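Hi,

Here is the structure I promised to pass on. Have a look at it first, and my notes follow below.

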Amino acid sequence: MTAMSDIAGLVADARSAIEAADTTEAIRHVAATVSGKKSPLSEASRALGSMDPESKKELGRQLHEARTTVEELLESKRTEIRFTELSAEMAASRLDLTEYVPGSVAGPDQRGHLHLVSQTRDALEDVFIGMGFDVAEGPEIETDWFNFGALNIPPAHPARGMWDTFYLDLGEPETTLLRTHTSPVQIHLMERAVLEGTLPIHSVMPGRCYRRDTPDARHLAVFHQIEGLVVDRGITFADLAGTIETFTSAYFGPDIHSRLRPAYFPFTEPSAEFEVTCAICKGEGCRTCSQTGWIELGGCGMVDPAVFASVGIDSDEWTGFAFGFGIDRCAQMRHQIADMRALIENDIRFLRQF
Ligand code: FA5
């Protein structure tokens, strides 16, 4: 029969075994030994069955207290071990951001640099500044009016399908969205010029655009365009074609040719698509250009009188042209990047080449 002193002894033994455990594995083993089914405590509890009611009551109470004590000791030890092990794990995985790894980009001899898309944007701006343009910017969150309405694309116009849009708020009175192209910046510039009486306009407008496009070799959901807008007296399609041609040879060099193909945009009339020789296959045809030998860089055309009307410019006095093309596409063609997704994968081996 288990006497009181035996129970105290069991608790003392359990306490020293628990104190000695210092890993998760060890405490699991100790728990099985001191409070599991085959532990002396459990055996003592089983022995209660054959006792007289009086001793059973007293011994049962003592065994219950002993078990509670042992369980508390176990739990507190488990918490202590978890904390110690977690601290060790965190210390082992600590990153020393100041550490110099020879041959890595973090080394003093290999400083970080602008992302290729930022470099391309800067280079494009430089080309256009050299041609007499200034640089402007506009918001990435737009209202329906700037992104569509003022550009001669009223609600329910079928051309809205050309731009798969991320809407932010379909609220009244104004719907807001992530701009699908940089053309709304044209509207901001023209409104401001009318308000301040500062026509003519010769501007380029680079920036980020968003579309619900599935990423592939030539598309991203977040990409960049550079918009161009010239509004002046006596501007003709020949000025547009000359500007595109001058830009192409200044930016891509003599091996890349451009061509304009008739196209449709609601905000320009006539409109054209601007294509360049695919730089990946040099015009032979490949996966990137869908075997055509040409890559579409952007759209362009003469500003539609309906757009001038929406910003209050007199189209009898002023004419203009506009263009908008992909900065990521320019980077892709200039550096022969077969798949545009490489630009956003952040693989340092790819990025450090530029
Ligand atoms: C437009 O966005 C018109 N706003 C261009 C324009 C401006 C026409 C002014 C007339 C006057 P489009 O949807 O075709 O047109 O896009 C123009 C260029 O942006 C494309 O040729 C391509 O180079 C680039 N682009 C379009 N969508 C993506 C995308 N998902 N990922 C990367 N580049 C893209």
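**The sheet and the ligand site**

The seven strands of an open sheet with mixed pairing are ordered β1-β5-β6-β10-β9-β8-β7 (strands are DSSP E runs of at least two residues, helices H or I runs of at least four, numbered from the N terminus; two strands pair if DSSP finds at least two bridges between them). β1 (134-135) and β7 (258-265) are at the edges with a single partner strand each, so one side of each has no neighbour in the sheet. β1 runs parallel to β5 (residues 201-210), joined by two bridges, and Asp 134 sits opposite Ser 203 in β5.

Before the ligand, the small print: this is a predicted model, with local features needing pLDDT of at least 70 and side-chain atom pairs pLDDT 80 or more, while totals for chains, interfaces and linings use all residues. Numbering starts from 1 along each chain as its sequence is written, and side-chain values use heavy atoms, without hydrogens or water.

Now the ligand: 26 residues surround it (a heavy atom within 4 Å), and the closest include Arg 211 and Asp 213. By type, the shell splits into 10 nonpolar, 10 polar and six charged residues (Ala, Val, Leu, Ile, Met, Phe, Trp, Tyr, Cys and Pro are nonpolar; Asp, Glu, Lys and Arg charged; the others, Gly among them, polar). β9 gives the largest share, five residues.

As for polar contacts (N or O pairs within 3.5 Å), the side chain of His 181 has an N or O atom 2.9 Å from a ligand nitrogen, and that of Arg 211 has one 2.9 Å from a ligand oxygen. A backbone N or O atom of Leu 220 is 2.7 Å from a ligand nitrogen.

Cheers

Key
A polar contact is a pair of N or O atoms within 3.5 Å; within protein, one must be able to donate a hydrogen and the other to accept it, and residues adjacent in sequence count only if both atoms are side-chain atoms.
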